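Here is a set of short exercises to try with the structure open beside you. Work through each task first, then compare notes with the solution.

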Amino acid sequence: MSWILLNPAAVAAELQQPFAEQDFAYCQALSEALLKAPQSRDFPDLIALGFWLRQANLKPLLAPYQTAKFLRQPLGLVFHSAPANVDSLFVYSGILSLLCGNKNVIRLSSRSGGSTAVLIEKIRSLADAYPQQNARFQLVQCNYDSSELKNLVSTVDGRVLWGSDQAIQAQRQLSMPAHARELSFGHKFSLCLLDAQSLLDTNQPEFTQLVQLFYRDQLTFAQQGCSSAKAVIWLGNTQQVQQAQQKFWPVLTELIQQKQPLNASEQYQALATAQQLIMSSEHQLMLTQQQSISRLAASSLEAGFIHQHQGCGLFIELQLSELHQLSPMLTQAHQTLTVYGIETMLLKNWLATVHTGLDRVVPVGQALSFSPDWDGVNLIEQFSRKMVCVL
């Protein structure tokens, strides 16, 4: 594949002061374009992105970064390599970098799906009204060995690599200047922690909402999002957990049957992965096939789960009686823990003892919510330079 510019610039890109009003206006225009597009109704990730891009969301989100005593300056030219598994993810880091005043070039995967096509169309539609913002938010498609890509990376001030660990290692072979910063977001494995008794005690409206929020977290991208849970941790004794499972899974599978987020190929992939995990595990794993999802009961989180689990409706289940039992199972590959029904102080006391794994702990329903803090990194700080002026 040659170097393909998807939204060619009509003007030369120039660095801007962070948090410029015209950049917020560009985000608002893109938000409105996405939310009004009939095609967006088929892509829940575009609806979520459209709401996130609103000025009413972004300005309060970034307000804390505009009150510092030092001068905040843009980093410069930032290269972003987008993942193929979550089509709209590249916009979040790209837009935050744009709002920091940077020039951005974003490499899109040739395997990106349908929502990427809608996004490209809407971004291109704003090129005439926002030529400077369009020039600072360039989209390209190319091979990793493209000469244009090598030349670009050799001049950047920062690069952001999303994707598999192998893809990130491959892209690190491209040299960049010594001063340039690198952010990498590789393969992650997220978890959902449910308190069994709290789930049993919840009333019907709250329970229905919980199931819907769980569905949104895990099935929006068929568990392909790094923050979507691939394992469900049940907290409680055996009787509580069994009763909670009997209440939870039938309602979830009914919701999945209604919405049908998984095609036949994905359901087969989940079953095949479950069988592979059973054969490769040193422990006994019990498989339950429940309509369109597969559940695999395990006694611990094994290292092999992290790279073998392919999502698509497969949930590994653990029963724990105490939170501290989870601590030795956590690794650097674990990212988001979504939580329901756990007492806040109990949770915080336990988290204070967790020194490896877990970058985010959020309520069920917020797994896919993007913030400037991601994978333990503050993107605004990384996309900016702090100029110290002592006079």
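**Exercise 1. Look just after α4 and find the residue that takes a positive phi. Then work out how covered the helix is.**

Step 1. In this predicted model, the residue to find is G101, whose phi is about 95°.

Step 2. Now step back to the helix, which spans residues 89–99. A residue counts as buried when its relative accessible area is under 20%. By that cut-off, 11 of the 11 residues of α4 are buried, so the helix is mostly covered.

Step 3. Check a few by eye: the buried residues of α4 include F90, Y92, I95 and L98. Polar names appear too, S93 and S97 among them.

**Exercise 2. Find the residues with the most contacts inside the largest nonpolar core, and the element that gives the core its largest share.**

Step 1. A general idea helps here: in soluble globular proteins, nonpolar side chains tend to be buried together.

Step 2. The largest nonpolar core has 48 residues, and W52, I95, L139 and F370 have the most contacts inside it. Its largest share, eight residues, comes from α4.

Step 3. Centre the view on W52. Beyond its neighbours within four places in sequence, W52 is in contact with N57, L58, L61, Y92, I95, L96 and F370. Of these, Y92, I95 and L96 are buried residues of α4.

Step 4. Look for a further core: a second, separate one has 32 residues, including A274, L296, A333 and L347.

**Exercise 3. Decide whether S384 is buried or exposed, and list what surrounds it.**

Step 1. Locate S384 in strand β17, residues 384–387.

Step 2. S384 has 2% relative accessibility, so it counts as buried.

Step 3. Look at its side chain: a polar atom there lies 2.7 Å from the backbone oxygen of I380.

Step 4. Leaving out neighbours within four places in sequence, S384 is in contact with R72, Q73, L75, C100 and R181.

**Exercise 4. Identify what lines the largest cavity, and which element gives the largest share of that lining.**

Step 1. The structure has one cavity of 30 Å³ or more, and the largest cavity holds about 40 Å³ of space.

Step 2. Its lining consists of L75, V78, G158, R159, V160, R181, L183, Q382 and F383. Two of these names, L75 and R181, also appeared among the contacts of S384.

Step 3. Assign the lining to elements: β6 (158–162) and β7 (181–185) are those that give two or more residues. β6 gives the largest share, three residues.

Step 4. Sort by class, and you get five nonpolar, two polar and two charged residues.

**Exercise 5. Describe the lining of the second largest pocket.**

Step 1. The volume of this pocket is about 270 Å³.

Step 2. There are 14 lining residues; Q245, A297, A298, E317 and Q319 lie nearest the centre.

Step 3. At least two lining residues come from each of α11, β10, β11 and β12. The largest share, four residues, belongs to α11.

Step 4. By class, the lining has seven nonpolar, five polar and two charged residues.

**Exercise 6. Work out why G311 counts as buried, and what it touches.**

Step 1. Find G311 in the loop between α13 (303–308) and β12.

Step 2. G311 counts as buried because its relative accessibility is 1%.

Step 3. Not counting residues up to four places away in sequence, G311 touches A222, Q223, Q224, K230 and A270.

Notes
Residues numbered from 1 in each chain as written. Predicted model: local features only at pLDDT ≥ 70, side-chain atom pairs only at ≥ 80, totals over all residues. Heavy atoms only, no water. 1 Å grid on protein atoms, 1.4 Å probe; cavity = no way out; pocket = protein on both sides within 12 Å on 5 of 7 lines; lining within 4 Å. Points joined across faces, edges and corners; volume = space filled by probe spheres on them. Buried < 20%, exposed > 50% of the residue type's maximum accessible area, 1.4 Å probe, protein only. Contact = heavy atoms within 4.5 Å. Polar contact = N/O pair within 3.5 Å; in protein donor to acceptor, adjacent residues only side chain to side chain. Core = buried A, V, L, I, M, F, W, Y, C linked by side-chain atoms within 4.5 Å.
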